[in-house]
Amino acid sequence: MEDFAAIDFETANGQPSSVCSVGVVVVRGGVIVDECYSLICPEPDYYSWYNTRVHGLTKRDTAQAPAFPEVWAGIALRIAGLTLVAHNKAFDERCLKAVFRTYGMDYPDYPFACTLAAARRKWKRGTVPNHSLDTIAQLCGFELKRHHNALADAEACAAIAMKIM
């Protein structure tokens, strides 16, 4: 793929609408041309211990963060006309649709592609330890240093997409 936007969400709790951070990496002509990261005040606004353990974010981190519609207004301009790419697109697409519903926003039916599915096609089960983002990123020559930071994960996803999609 030469033109796409890699995206990653982190959630505050088990509700897919509870996005608390987003990272986006825009690739055009096979080159990263833009990146953005934002904390988001989640809806519903509570953190589960499990999610905090995964990404390290707490209610204190997002207490003054903007709501999703404000954050998305800026992102929508950056990704206009691009396919969104995520590692395990089912999760990120579900979160995006859920948060759009939560705020009564019209979902523009973004096309989504999945680096996890592409990795599973390229490296069959048993030929790699697993198909997790950090493992596949490393196989593609990208060292993921801050796994579960939304921007770092989006950067890894972009690196994977540029190599195998």
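**Exercise 1. Disulfides**

Count the disulfides in this predicted model, taking a disulfide as a pair of cysteine sulfur atoms within 2.5 Å, and explain the result for Cys114 and Cys140.

Solution.
- Step 1. By this rule the count is zero disulfides.
- Step 2. For Cys114, the closest cysteine sulfur is that of Cys157, at 7.9 Å, so the two are too far apart for a bond.
- Step 3. For Cys140, the closest cysteine sulfur also belongs to Cys157, and because it is 10 Å away, there is no bond.
- Step 4. Next comes accessibility, where buried means under 20% relative accessible area, exposed over 50%, and partly exposed in between, with a 1.4 Å probe and protein chains only. Cys114 is buried at 14%, and Cys140 is buried at 8%.

The model is predicted, so local features need pLDDT of at least 70 and side-chain atom pairs count only at pLDDT 80 or more, while totals for chains, interfaces and linings use all residues. Residues are numbered from 1 along each chain as its sequence is written, and side-chain values use heavy atoms, with hydrogens and water left out.

**Exercise 2. The largest nonpolar core**

Find which residues touch the most other members of the largest nonpolar core, and which elements supply it.

Solution.
- Step 1. A nonpolar core is a set of buried Ala, Val, Leu, Ile, Met, Phe, Trp, Tyr and Cys residues joined through side-chain atoms within 4.5 Å. In soluble globular proteins, nonpolar side chains tend to be buried together.
- Step 2. The largest such core has 23 residues, and Ile7, Phe9, Val24, Phe68, Trp72 and Leu96 touch the most other members.
- Step 3. At least two residues of this core come from each of strand E1 (4-11), strand E2 (19-28), helix H3 (68-79), strand E4 (83-86) and helix H4 (89-102). H3 gives the most, five residues. Helices (H or I, at least four residues) and strands (E, at least two) are DSSP runs, numbered from the N terminus.
- Step 4. Take Phe9 and set aside residues up to four places away in sequence. Contact means heavy atoms within 4.5 Å. Phe9 then touches Val19, Ser21, Val22, Phe68, Trp72, Phe91, Asp92, Cys95 and Leu96.

**Exercise 3. Two buried residues**

Place Leu84 and Ala119 in their elements and list their contacts beyond four places in sequence.

Solution.
- Step 1. Leu84 lies in strand E4 and is buried, at 0% relative accessibility.
- Step 2. Leu84 is in contact with Ala5, Ile7, Ile79, Leu96, Tyr110, Pro111, Phe112 and Ala113.
- Step 3. Ala119 belongs to helix H5 and is buried, with a relative accessible area of 0%.
- Step 4. The contacts of Ala119 are His131, Ile136 and Ile164.

**Exercise 4. The largest pocket**

Describe the volume and the lining of the largest pocket.

Solution.
- Step 1. The search uses a 1 Å grid over the protein atoms alone; a pocket is an open set of points where a 1.4 Å probe fits, with protein on both sides within 12 Å along at least five of seven lines, and lining residues have an atom within 4 Å of a point.
- Step 2. The volume is about 400 Å³, where volume is the space filled by probe spheres set on the points, and grid points are joined across faces, edges and corners.
- Step 3. Of the 23 lining residues, Asp8, Glu10, Phe91, His148 and Asp153 are the closest to the centre of the pocket.
- Step 4. E1, helix H1 (49-55), H4, helix H5 (115-122) and helix H7 (150-164) each supply at least two lining residues. E1 has the largest share, with five.
- Step 5. The lining divides into nine nonpolar, nine polar and five charged residues. Ala, Val, Leu, Ile, Met, Phe, Trp, Tyr, Cys and Pro count as nonpolar, Asp, Glu, Lys and Arg as charged, and the others, Gly among them, as polar.

**Exercise 5. Backbone exceptions**

Locate the cis peptide bond at Pro44 and the positive phi values of Asp109 and His148.

Solution.
- Step 1. Most residues other than glycine have a negative phi, and most peptide bonds are trans.
- Step 2. The bond from Glu43 to Pro44 is cis, with omega near 5°. Pro44 sits in the loop between strand E3 (31-39) and H1 and is partly exposed, at 23%.
- Step 3. Leaving aside neighbours within four places in sequence, Pro44 is in contact with Asn13, Gln15, Ser17 and Ser18.
- Step 4. Asp109 has a positive phi of about 55°. The loop between H4 and strand E5 (112-114) holds Asp109, which is exposed at 57%.
- Step 5. For His148 the positive phi is about 80°. His148 is in the loop between helix H6 (133-139) and H7 and is partly exposed, at 30%.

Technical notes
A disulfide is a pair of cysteine sulfur atoms within 2.5 Å.
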